[in-house]
Number of protein chains: 2
Amino acid sequence: MEEKTAFELLKQKKYPELRAMLATMEPADIVLLLEEADEEDLPRYYRILPKELAYETFAEMDADMQENLIRSFSDNELSEVLEEMFLDDTVDMIEEMPAALVKRILRIAKPEMRKSINELLNYPKDSAGSIMTIEYVDLKKTMRVSEAFDRIRKTALDKETVYTCYVTDAGKHLIGIVTAKDLLLAPPEAIISDIMDEDVIYVSTHEDKEEVAKQINKYGFLAMPVVDAEKRLVGIVTVDDAIDVMQEETDEDFQLMAAVTPSDDSYFKTSVLSHARHRIVWLLILMLSATFTGIIITHYEAAMSALLVSFIPMLMDTGGNCGSQSSVLIIRGMAVDEIKMKDFGRVLFKEIRIALVVGITLACANALRIYLMYEFIYKNSELYAGFDVFRVMIVVGLTIVGACLLAKTLGCCLPMLAKRCKLDPAVMASPMITTIVDACTVFLYFNVAIWILKI
Amino acid sequence: MEEKTAFELLKQKKYPELRAMLATMEPADIVLLLEEADEEDLPRYYRILPKELAYETFAEMDADMQENLIRSFSDNELSEVLEEMFLDDTVDMIEEMPAALVKRILRIAKPEMRKSINELLNYPKDSAGSIMTIEYVDLKKTMRVSEAFDRIRKTALDKETVYTCYVTDAGKHLIGIVTAKDLLLAPPEAIISDIMDEDVIYVSTHEDKEEVAKQINKYGFLAMPVVDAEKRLVGIVTVDDAIDVMQEETDEDFQLMAAVTPSDDSYFKTSVLSHARHRIVWLLILMLSATFTGIIITHYEAAMSALLVSFIPMLMDTGGNCGSQSSVLIIRGMAVDEIKMKDFGRVLFKEIRIALVVGITLACANALRIYLMYEFIYKNSELYAGFDVFRVMIVVGLTIVGACLLAKTLGCCLPMLAKRCKLDPAVMASPMITTIVDACTVFLYFNVAIWILKI
């Protein structure tokens, strides 16, 4: 509703009304609105925003929109925006910009800021250092609560969060934590060292960012302090960045599970050719692997009949689905730290028992289905010529139980093996498992058929 | 390291040392430790915790552990814990307890708390009301900043967050928001109405909890206010609860995508029979659907040869994988609100172009593979007796392109159709798409084969 009206004002170029309306909106909603506007009009709309709101909105934009705006900015405007943005957002932005713009940004940034940006850019991708901000409130342990409040008041505007304050010693080592709530509840004359919590949980700059996000979630923190190799406090990771990391990791798992090469770009911003490239690698690998199943089939030419071949798709699908179920549950369980490497035996034993229950049930259901179709459709057709329907039921049933056992065993072993080999367990998700299980199922099927049907 | 030592102290029954060590630990870590202890020892370990920490740890436990402890609690102990827990945690706990314990909890709760619990229990499952807490800080617009601080100081201990305060009028209607940061930056004599933000974003009690979580993430809020039908403030949803909701929804999508009936229970806490039950429904549906592919095969008995049959697994897998890629990307895109229903045409057009690129590439790669295998392995074998290798390449290639087109079209249409029908789009993930695409691919394959090979 609100968006609709703003969009109309924007189209009708009623700028004063638009300005008044935008002033009441959240930055995230303004960005959504600007995405609907023509690209060349973007700078004009940006400039009618009240200044503070403009800076906040800029920080919320995606890299394309930011790039578009920066190109239209005067050096002065760019310098203002850089001053107001949090450093972690600036670094995120710089990582997406073309080299020429990065140079311009670094040239315009003040020397101290430039130094900090360069330091942050140097942390390895996916590390805590790469997502942290250096704008936190630090206190000294000898301060009184009233002095702490003075310090927060003086610096709050430039800090990403003021609700957790970090107590450091002369060497910048992290020695304690005080929340704003602790400060509010303490008498003004209390000394920080008396009210701070010395059992500080922290991470190092090189910690994997996914691990940091998990810990923030586990402890319910609003921010996690990050220290360097000498245990000096160098930054914090805030809960909103942790949520972003968790969503990116989930995106990546989804993509891997769908046999797509992971990419950070959004669906619509990725071109057709890039989409095709991301999808084709795995398809090729899986297509060529599926050739093995074909080779196995050609080996059993003698056993080839329309009847026996007709069960292959059902057997392959059932095996594949059984394997997917186990692998996806195990992969997700490992992603949320519920299943650990030491649980391997427990998981395997559990999956084998599940496979037996599932396999036997499916085999019985399928036997019934075969019998009914035989009785009512195929009794006098050529399809069953030379076959005993009961033996066929047994062949298919045994294959289903075997395929379930195999699929669920591989479905739990392969993801854990991948993790052991320091690979992302998600590469061992449905498509990979399906391809492997297919070949094994067809092999098993023909052997059971030859054995029981004596072909 | 720390956990290990604590666990040893626990086993050696060195309680004073253990108590000292636990006192320095975070509640989430203590719960992890207690999970390793024998169930009957749990109450003893719980009682050596310092009181405050004990309450916080209790709130972090899963329902089984809480139930175990509550059974060992005296009425006094239970009453103390209830007093200290946040109401949303209490309600979450009650929802998991057996009826007898729920009765005991409600009997021991003070009348006012009992009333609130009952109200919260009445909100529909998955609504904002069901996950909100009613413990927030409310201010009046006529208050001065110093009075606001007094109020926060007086009530902070019982509030889930004090960092966002809500300004309400005499009728409890939400009229503004003030953050603790705003309060800290304002002079003590300022009036709340002058510094509050009147453009409040809020949700209603009946809003879907997933939507609430998305909005908290979108706006970067620490808490989202919840209002009733008369726009009166009734509670808040905090960011940590929003993260939990997001994780639950992701878990559910993963399970649906793996053809598992979703369940909230953890992998290890679910029994073998429950696991089997959750997995068997979809397996049965998919197994019986795969029968169609079998029926199609039996219809083309005339075209049956080891050579043609040997390509079926590869064609089925490729079609299935192509469909999975599209459906999973679309499902995820819809889950994070990047793809909306109005984008249907755009998505379809994009997927068709991707399918053409991918299909033609795969067809060429496969033609090369067939040619190489023919030249070096099958040239003089019986497999190709009566077949022209180039025509086979064309049949398989055309089928691959057709299967890709079909798979990617269905892969984007079906999840969006499911959403249109108010179903979870994730039910249209890989397994379902695979089964449908399989049948179509086999049908297409035999028809192309009959047409080009003139069988």
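Trainee: Hi! What kinds of residues make up the lining of the largest cavity, by nonpolar, polar and charged?

Mentor: Good place to start. In this predicted model, the lining of the largest cavity divides into ten polar, six nonpolar and four charged residues.

Trainee: Which residues lie nearest the centre of that cavity?

Mentor: Of the 20 residues that line the largest cavity, the ones nearest its centre are A:N321, A:T434, B:N321, B:S324 and B:T434.

Trainee: And which helices supply at least two residues of the lining?

Mentor: In chain A, look at α19 (312-335) and α22 (430-453); in chain B, look at α19 (312-335) and α22 (430-453). Each of these supplies at least two residues of the lining of the largest cavity.

Trainee: How much space lies in the largest cavity?

Mentor: About 210 Å³. Counting cavities of 30 Å³ or more, there are four.

Trainee: Switching topic: what rotation superposes chain A on chain B?

Mentor: A rotation of 180°, with 0.0 Å of shift along its axis, and the RMSD is 0.1 Å. The two copies are therefore related as by a two-fold rotation axis. The same surface serves both copies, too, since 100% of the contact residues of chain A recur in chain B.

Trainee: Nice. How many residues of each chain are in contact?

Mentor: There are 108 residues of chain A in contact with 108 residues of chain B.

Trainee: What area is buried between chain A and chain B?

Mentor: About 10,200 Å², and carbon and sulfur atoms give 70% of it.

Trainee: Which three residues of chain A supply more of the area buried against chain B than any other three?

Mentor: Those are A:F254, A:Y267 and A:F268, which supply 8% of the area that chain A buries against chain B.

Trainee: Now for charges. How many salt bridges are there between chain A and chain B?

Mentor: Six salt bridges run between chain A and chain B. In general, side chains of opposite charge can pair when their charged atoms come close. Try finding B:K218, which forms a salt bridge with A:D29; their closest N and O atoms are 2.6 Å apart.

Trainee: How many salt bridges are there over all chains?

Mentor: The count is 48 over all chains. Within chain A, for instance, A:R107 forms a salt bridge with A:D75, with the closest N and O atoms 3.7 Å apart.

Trainee: What does that pair tie together?

Mentor: A:R107 lies in helix α9 (residues 99-108) of chain A and A:D75 in helix α7 (residues 75-84) of chain A, so the pair ties together parts that are 32 residues apart in sequence.

Note on methods
Residues are numbered from 1 along each chain as its sequence is written. Chains are lettered from A and ligands numbered from 1 in the order in which they are written. This is a predicted model: local features need pLDDT of at least 70, side-chain atom pairs count only at pLDDT 80 or more; totals for chains, interfaces and linings use all residues. Side-chain values use heavy atoms; hydrogens and water are left out. On a 1 Å grid over the protein atoms alone, a cavity is a set of points where a 1.4 Å probe fits but cannot get out, and a pocket is an open set with protein on both sides within 12 Å along at least five of seven lines; lining residues have an atom within 4 Å of a point. Grid points are joined across faces, edges and corners, and a volume is the space filled by probe spheres set on the points. Helices (H or I, at least four residues) and strands (E, at least two) are DSSP runs, numbered from the N terminus. Ala, Val, Leu, Ile, Met, Phe, Trp, Tyr, Cys and Pro count as nonpolar, Asp, Glu, Lys and Arg as charged, and the others, Gly among them, as polar. Copies are superposed by least squares on the C-alpha atoms of residues with pLDDT of at least 70 in both. Contact means heavy atoms within 4.5 Å. Buried area is the accessible area (1.4 Å probe) that two parts lose on being put together, summed over both. A salt bridge is a side-chain nitrogen of Lys or Arg within 4 Å of a carboxyl oxygen of Asp or Glu.
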